[in-house]
Amino acid sequence: MQSGPILNISCYLFVSLADTAALRDRLHARAEALGLKGTVLIAEEGINLFLAGPAEAVNTWVAELRADPRFATLTPKESWSEVQPFQRLKVKAKPEIIRMNHPTIRPDQAPRAPALAPAVLARWLDQGHDDAGREIVMLDTRNGFEVDQGAFDGAIDWRLDKFSDFPEALASHKQELVGKTVVSYCTGGIRCEKAAMVLEEQGLTAWQLDGGILKYFEDTGGKHYHGNCFVFDDRRGVNADLSPT
């Protein structure tokens, strides 16, 4: 349900891009012309974006982006706010759209780990096990200060300072996850997508929460989750109904 005149979108897509500099300049020019603010990150592995502005302007920018066949499958998550949550527009070309410093993990070049729909996760948590009867472990891949605002009940939190610490933390805690169904999760899906691939690389049974916490809120109302979800803009957090805290 819409609440406020500002449409906020978040989205990522792992797709191989060879023209990052030119793409950066084009996307920046169009977003600036439409009066949008937020952050767009582009790398050889894909795109990651958080933008906000009047709905017509946001939808125009997204439609133009999706006209490029490489981005045709983009499906932004939407929420609304009374005021613009970003101070400025930043469009940058980076080595990674989410930094992990783990070169063997390239979601644009390899099959993704199995994605778990929010409704299925909610059902698994209701019944206390997955459909094979295995114990479920919720693994939070976010930074510690994000977890402090809210998390799934009983989730594992390795108190990460930054996402690139994840592979080392996994090496230290791998034995705790053996024989269990591990569901990695994060805000919007991008971190848990890479994390799930690392878990699989280590021989663990892993799923990624499709769309992250924000999609889980949208589809389930946030059952089995306590607190709110930290977001990297002036809203600082959103409730289970996706309203700013």
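The exercises below, each with a worked solution, concern salt bridges, nonpolar cores, backbone angles and cysteines in a predicted model.

Residues are numbered from 1 along each chain as its sequence is written, and side-chain values use heavy atoms, with hydrogens and water left out. Because the model is predicted, local features need pLDDT of at least 70 and side-chain atom pairs count only at pLDDT 80 or more, whereas totals for chains, interfaces and linings use all residues.

**Exercise 1.** Determine how many salt bridges a search of the whole structure finds, and describe the one that Lys194 forms.

*Solution.* Step 1: apply the criterion, which asks for a side-chain nitrogen of Lys or Arg within 4 Å of a carboxyl oxygen of Asp or Glu; the search of the whole structure then gives 21 salt bridges. Step 2: the partner of Lys194 is Glu45, with the closest N and O atoms 3.1 Å apart. Step 3: place the two residues, taking helices (H or I, at least four residues) and strands (E, at least two) as DSSP runs numbered from the N terminus. Lys194 belongs to helix H6 (residues 190-201), while Glu45 sits in the loop between strand S2 (37-43) and strand S3 (46-54), so that distant parts of the chain, 149 residues apart, are linked. Step 4: check burial, where buried means under 20% relative accessible area, exposed over 50%, and partly exposed in between (1.4 Å probe, protein chains only). Lys194, at 0% relative accessibility, is buried, and Glu45 is buried as well, at 3%.

**Exercise 2.** Locate Glu146 and Arg191, whose side chains meet in a salt bridge, and identify the network that contains Asp19.

*Solution.* Step 1: the N to O distance between Glu146 and Arg191 is 2.8 Å. Step 2: Glu146 lies in helix H4 (residues 144-147) and Arg191 in helix H6, so the salt bridge ties together parts that are 45 residues apart in sequence. Step 3: Glu146 and Arg191 are both buried. Step 4: salt bridges with shared partners join Asp19 to Arg26, Asp68 and Arg70 in one network.

**Exercise 3.** Work out which residues touch the most other members of the largest nonpolar core, and which element gives it the largest share.

*Solution.* Step 1: a nonpolar core is a set of buried Ala, Val, Leu, Ile, Met, Phe, Trp, Tyr and Cys residues joined through side-chain atoms within 4.5 Å. Step 2: the largest one has 25 residues, of which Leu27, Val40, Ile47, Trp61 and Phe71 touch the most other members. Step 3: the elements that give two or more residues include strand S1 (6-14), helix H1 (20-33) and helix H2 (55-66), and the largest share, five residues, comes from H2.

**Exercise 4.** Compare the settings of Arg159 and Arg236, each of which has a positive phi although it is not a glycine.

*Solution.* Step 1: phi is about 55 degrees for Arg159 and about 70 degrees for Arg236. Step 2: Arg159 lies in the loop between strand S9 (156-157) and helix H5 (166-173), and Arg236 in the loop between strand S13 (229-230) and strand S14 (237-238). Step 3: Arg159 is partly exposed at 42%, as is Arg236 at 44%.

**Exercise 5.** Explain why Cys11 has no bond to the closest cysteine sulfur.

*Solution.* Step 1: a disulfide requires a pair of cysteine sulfur atoms within 2.5 Å. Step 2: the closest cysteine sulfur to that of Cys11 is in Cys186, and at 13 Å it is too far for a bond. Step 3: Cys186 is in no disulfide, the nearest cysteine sulfur, that of Cys192, being 3.0 Å away. Step 4: the count of disulfides is zero.
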